[in-house]
Number of protein chains: 2
Amino acid sequence: MFFQIKKGNGDPAIYKQIYRQLKDLILDESLSNQKLPSKRKLAQDLRVSVNSVAHAYEQLLVEGYIYSVERKGYIVEDIMRYIKREGEDDPFPDELKENGKKESFSPEVTFSHISIDAEHFPFKKWRRYQQNVIENHRNQLALLPHPQGPYELRESIATMIALTRGVRCRPEQIVIGSGTQPLIHKLMSLQSEFTRIAVENPGYQRFYHLLKDMGFPVAPVDLDNHGISIDAIRESNPKWVFVTPSHQFPTGTIMPINRRIELLNWAAESPDRYIVEDDYDSEFKYETDHIPSLQSLDRNQQVIYTGTFSKTLLPSLRISYIVLPPDLLKLYRNAFNEWIDGPSSLNLWTLKYFIDRGEYGRHMKRMNAHYKTKRATLISELHRFFSDKITIHDIPAGLHFLMEIDTTLSYKDIEERAIEKRVELYTIRRFFLQDFNPDPNRKKKLIIGFANMKENEVRESVKRLASIFS
Amino acid sequence: MFFQIKKGNGDPAIYKQIYRQLKDLILDESLSNQKLPSKRKLAQDLRVSVNSVAHAYEQLLVEGYIYSVERKGYIVEDIMRYIKREGEDDPFPDELKENGKKESFSPEVTFSHISIDAEHFPFKKWRRYQQNVIENHRNQLALLPHPQGPYELRESIATMIALTRGVRCRPEQIVIGSGTQPLIHKLMSLQSEFTRIAVENPGYQRFYHLLKDMGFPVAPVDLDNHGISIDAIRESNPKWVFVTPSHQFPTGTIMPINRRIELLNWAAESPDRYIVEDDYDSEFKYETDHIPSLQSLDRNQQVIYTGTFSKTLLPSLRISYIVLPPDLLKLYRNAFNEWIDGPSSLNLWTLKYFIDRGEYGRHMKRMNAHYKTKRATLISELHRFFSDKITIHDIPAGLHFLMEIDTTLSYKDIEERAIEKRVELYTIRRFFLQDFNPDPNRKKKLIIGFANMKENEVRESVKRLASIFS
């Protein structure tokens, strides 16, 4: 054997050198079926300790390169050759490469409706409650979480949404997940693929694509001034309807009581009709009180309520929930009782403390005040810069509003110029789910989100927005 | 109007009392189409401030109970009647009720292979790195996370698994999720429903049921002493094979190199064959070094590697990942680029610091030493209590081992007596995926997990285990 054992300072451990060189020889088939020298013999030849050889042999044995025969010693396996397919040496495809850490578009000014203001998140309090959880619930952290999330947190959420949203449910009916998307996906995977679904148009494109991708026949249904049109629902004849009654996304419309009853009555006509109420940012109301949820008005257990902590705490926390009527809960449990894919229990228990100790309520109060001021400043700056060129749909709710602007630019022009000026800006075009035929007039609709805008940057942001249209 | 306004200390705000009483009257249809008194008039009548009435009217207006007509005032809507379906007053079904916080079975002694020892988790260090993240990456926390998880963490994982598991991949190929189950679910949802799949039998029942529930033809394939049998694979002729080569679940077998090459060569025969390598607890090795992953031996990009931090950190953290070959990565990105359902970014960034600063490596070293000692104590106590009645499959890897016990009890007896004695114990029966025909001899196979057993409770646990068989 022509082994090279290096004993320098930076060299690998001696047993590793023996292991690697023997492995290479074995894979070359040069040693197949041969007996290896005894540990003592090889140690003498290589002038190393018997321990080093023993360690190397042990590793080769456990990986199956050699086997031992009693009173004979270690025999080398007859190792098979690898089959190498043609054309598999292709380098990693360029199209799949990510440009390191850099985003392709890094805006300097944002009117996004998605991100929120993390400067005001009470991290210190969050960490303090987390410490309580580590001290008081360490045992829970060693276990798999409950498939619906800890019962204790579901209790806190049930109480909270009863008070703020009028939602009537038991903790059993709540399922906590790492987003409304995966929760809706799991729920809908239990429905027949022929289930017809109606969604709001314009509307939340993520749900639309999710449902389309799952193979359902999904019909985008037009809105009128009061939200989704019941006539249009009847025309497309769905079993399920997805709505955002508290603050229609993206137009901001608050569905009035009559339309709500009309919608609930449409569902009541047949027990297999369901309404999914996506209550994505209902916690933010600026002039009036909270508006009771659609679920709170339902007499027939046909509304599925979904809520999220993405807007009220942090989108990066990934904590959302869904409230299921008993019949759907039964279906869900049968299918997903063995599924564990929710958020971290450490975060969930921390959230429970955060709610129970009143910190969530205080945070919501502070954020409502903060967003109210920022929103008012933004609206007044917009009027100052654009004067009569714009109309703002000033519905005092949520973290975005709709603004119409009189311009000769097309939607495509606006979007391209926004990127050029490094402004993150979404137009209504993005939320039309199919066949976007903009009115032929010059009014263009923009979604103006303000949550992630710093207070002292409002004027600068509006100035930059104006530069798109100048 | 017969309004009752209470001005006591504990009474609701006056505007709320006006709002509620008006709302009730409107819902009774007693006011339909009528004009409401002017704010000033009603305020005088009720002896309250105009502001209170204004506030109440505003809330009714935004919810759609009334509308305003210029120079006329507020008119009450003609509110529809709710339709109430028959038989919808059923109370919440008993079968769906959870018994409050109490688990139905609360063991006093556990041999579970699932839970781990949270006493040794370095929460203090974790919290320190979390603080670094809050200080240095607050902006990231305000945004939606990358659908595959932060690129920076994927870099750290790629480097780590290259060093410890020989996995060859780019950060682009890693997808982070809140469990291997949802990751496998998403990946497999892109395959034709006719894709034949082979899984190990006995094996990981969660994947088996997941794949069955997705509608795939899944064949449980028998094992021999070297792990999954290639002959049996050829017989069931699958496109995908799911294996646990580092430490077969639950038997503990380490797949030897020849079987590995045979399996890879089987895949190499056709480019649409894939092997999923579930490396669920490979980080724990007690006598030998780490065994290189199957992925590290693959020449043809046909192995999908999955790893998890559930065993090495905490199962409640819910952080797992999957490494996709380029062709599957492309499919995955096309389907799921709009999906946001991974773990919290706060945890993911903290994990990055934890790995990069060497804390993960130190923790693994400590836990390996800890588990090694506990495992040795457990094995010696088992021999002491059961002497020649047991055979332990002493493969020095993972967080559980297989133990055969000579007993007249049936598997059903053992499981029932374990519950009686409040011992959490799994037998091999649980992991046979179909047609469990135990050998007619008296040897029964138990899965002995030791991760969540306290060091000072080993003897007590074994004593309790023995009581099942006495």
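**Stop 1: a helix in chain A**

Start by selecting helix α8 of chain A, residues 205-213. This is a predicted model, so you are looking at computed positions throughout. Colour A:Q205, A:R206, A:F207, A:Y208, A:L210 and A:L211: these residues of the helix are buried. What covers them? Show α7 (180-188), β5 (197-201), β6 (218-224), β8 (240-243) and β9 of chain A, which are among the elements lying over the buried residues of α8. Now step just past the end of the helix to A:G215, where the backbone takes a positive phi of about 95°.

**Stop 2: rings that join up**

Keep A:F207 selected and add A:Y204, A:F242, A:F249, A:Y280 and A:F431. Ring pairs link these six residues into a cluster. Over all chains, the structure holds 42 aromatic pairs.

For a single pair, pick A:F284 and A:Y371, whose rings meet edge-to-face, with 5.3 Å centre to centre and 85° between the planes. A:F284 is in the loop between β9 (274-278) and α11 (294-297) of chain A, while A:Y371 is in helix α14 (residues 359-386), so this pair ties together parts that are 87 residues apart in sequence. Are these two buried or exposed? A:F284 has 1% relative accessibility, so it counts as buried. A:Y371 is buried as well, also at 1%.

Hop over to chain B and select B:Y305 and B:Y321, an aromatic pair that is tilted: 6.4 Å centre to centre, with 35° between the planes. B:Y305 sits in strand β10 (residues 303-308) and B:Y321 in strand β11 (residues 320-323), so here the parts tied together are 16 residues apart in sequence. Both B:Y305 and B:Y321 are buried.

**Stop 3: a histidine in chain B**

Next, click on B:H247, in the loop between β8 (240-243) and α10 (257-268) of chain B. Its relative accessible area is 3%, so B:H247 counts as buried. Which residues is B:H247 in contact with, leaving aside its neighbours within four places in sequence? Select B:G252, B:T253, B:Y280, B:D281, B:A397, B:G398, B:L399 and B:H400 to see them.

**Stop 4: where the chains meet**

Zoom out and give the two chains their own colours. The contact takes 110 residues from chain A and 110 residues from chain B. About 9800 Å² is buried between the chains, with carbon and sulfur atoms giving 56% of that area. On the chain A side, select A:Y82, A:E98 and A:R127: they supply 8% of the area that chain A buries against chain B, more than any other three residues.

Stay with A:Y82 and bring in B:R299, whose charged end sits over the ring of A:Y82, 4.0 Å from its centre. Then swap the chain letters: the charged end of A:R299 sits over the ring of B:Y82, again 4.0 Å from the ring centre.

How many salt bridges cross this interface? There are eight. To look at a salt bridge between the chains, select B:K330 and A:E95, whose side chains meet at 3.3 Å, N to O. The interface also has 50 residue pairs in polar contact.

**Stop 5: salt bridges elsewhere**

Over all chains, a search finds 54 salt bridges. Try A:K412 and A:E416, with their closest N and O atoms 3.4 Å apart. Both lie in helix α15 (residues 411-420) of chain A, four residues apart, which is about one turn of the helix. A:K412 is partly exposed, with a relative accessible area of 48%, and A:E416 is partly exposed at 41%.

Now go to chain B for B:R459 and B:E381, a salt bridge with its closest N and O atoms 3.1 Å apart. B:R459 lies in helix α15 (residues 458-469) and B:E381 in helix α13 (residues 359-386), so the bridge ties together parts that are 78 residues apart in sequence. B:R459 is partly exposed at 44% relative accessibility, whereas B:E381, at 8%, is buried.

Back in chain A, A:R170 and A:E172 form a salt bridge at 3.4 Å between the closest N and O atoms. Here A:R170 is partly exposed at 30%, but A:E172 is buried at 1%.

For the last selection, pick A:K125, A:E359, A:R362 and A:R366, which are linked in a network of salt bridges.

Definitions and conventions
Residues are numbered from 1 along each chain as its sequence is written. Chains are lettered from A and ligands numbered from 1 in the order in which they are written. This is a predicted model: local features need pLDDT of at least 70, side-chain atom pairs count only at pLDDT 80 or more; totals for chains, interfaces and linings use all residues. Side-chain values use heavy atoms; hydrogens and water are left out. Rings of Phe, Tyr and Trp (its six-membered ring) pair if their centres lie within 6.5 Å; planes under 30 degrees apart count as stacked, over 60 as edge-to-face and the rest as tilted. Helices (H or I, at least four residues) and strands (E, at least two) are DSSP runs, numbered from the N terminus. Buried means under 20% relative accessible area, exposed over 50%, partly exposed in between (1.4 Å probe, protein chains only). A charge sits over a ring if NZ of Lys or CZ of Arg is within 6 Å of the ring centre and within 35 degrees of the ring normal. Contact means heavy atoms within 4.5 Å. Buried area is the accessible area (1.4 Å probe) that two parts lose on being put together, summed over both. A salt bridge is a side-chain nitrogen of Lys or Arg within 4 Å of a carboxyl oxygen of Asp or Glu. A polar contact is a pair of N or O atoms within 3.5 Å; within protein, one must be able to donate a hydrogen and the other to accept it, and residues adjacent in sequence count only if both atoms are side-chain atoms.
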